[in-house]
Amino acid sequence: MRKTFGTGSVWEQTLGYSRAVQVENTLYISATAASGENGIVGNDFYTQTQYILAKLGTVLADAGFSFSDVVQSKLYLTDISKWEDAGRAHGEVFGDIRPTLSLVHVLPFLDPDMLVEIELVAQRSPD
């Protein structure tokens, strides 16, 4: 079984991707930025990470998953020296869940106000 989930973003259609794809009991979520209705939300690594994780919580829920199902998390940071700020927000959500984690230093994103993107993989036990 393969099911796709979208958010209605114009970029999903233009670039030909889905916000998330579920294959069997695994959900793969595309890298997600702190983009809101009026542009990028927050101007620091902690705030953007918090906002992104809230968005991802909605994506997980829409697909019938939760944060406790997350097995892998990847944080893409434009300034690796700010890893503690992003990590603090990440730890507030995943402290007891403890998925695998990658902190990846990247070049600036297309929008220079974007500081963080987060990608998740979640897996549920078979029904």
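**Helix packing and the largest pocket**

In this predicted model, the buried residues of helix α3 are Ala86, Ala89, His90 and Phe94. Viewed along the axis of α3, these buried residues are confined within an arc of 125°, so they line one face of the helix. They pack against α2, β6 (70-77), β7 (100-105) and β8 (116-123). The length of α3 is in keeping with its residue count, because twelve residues (83-94), at 1.5 Å a residue, should span 16 Å, and the end C-alpha atoms are 15 Å apart, which agrees.

The same check was applied to α2, where 18 residues should span 26 Å at 1.5 Å a residue, and the end C-alpha atoms are indeed 26 Å apart. The buried residues of α2 are Phe45, Tyr46, Gln48, Thr49, Ile52, Leu53, Leu56, Gly57, Val59 and Leu60, and their packing partners are β2 (20-23), β3, β5, β6, α3 and β8.

Helix α2 also takes part in the largest pocket, to whose lining it gives the largest share, six residues. The volume of this pocket is about 820 Å³, and of the 27 residues that line it, Ser9, Trp11, Tyr17, Arg19 and Ser35 are the closest to its centre. Two or more lining residues come from each of α1 (10-15), β3 (26-33), β4 (35-36), β5 (39-40) and α2 (45-62). By residue class, the lining of the largest pocket comprises 13 nonpolar, eight polar and six charged residues.

Technical notes: Residues numbered from 1 in each chain as written. Predicted model: local features only at pLDDT ≥ 70, side-chain atom pairs only at ≥ 80, totals over all residues. Heavy atoms only, no water. 1 Å grid on protein atoms, 1.4 Å probe; cavity = no way out; pocket = protein on both sides within 12 Å on 5 of 7 lines; lining within 4 Å. Points joined across faces, edges and corners; volume = space filled by probe spheres on them. Helix = DSSP H or I, 4+ residues; strand = E, 2+ residues; numbered from the N terminus. Nonpolar A, V, L, I, M, F, W, Y, C, P; charged D, E, K, R; others polar. Expected span 1.5 Å × (residues − 1). Buried < 20%, exposed > 50% of the residue type's maximum accessible area, 1.4 Å probe, protein only. Arc of directions from axis to C-beta. Contact = heavy atoms within 4.5 Å.
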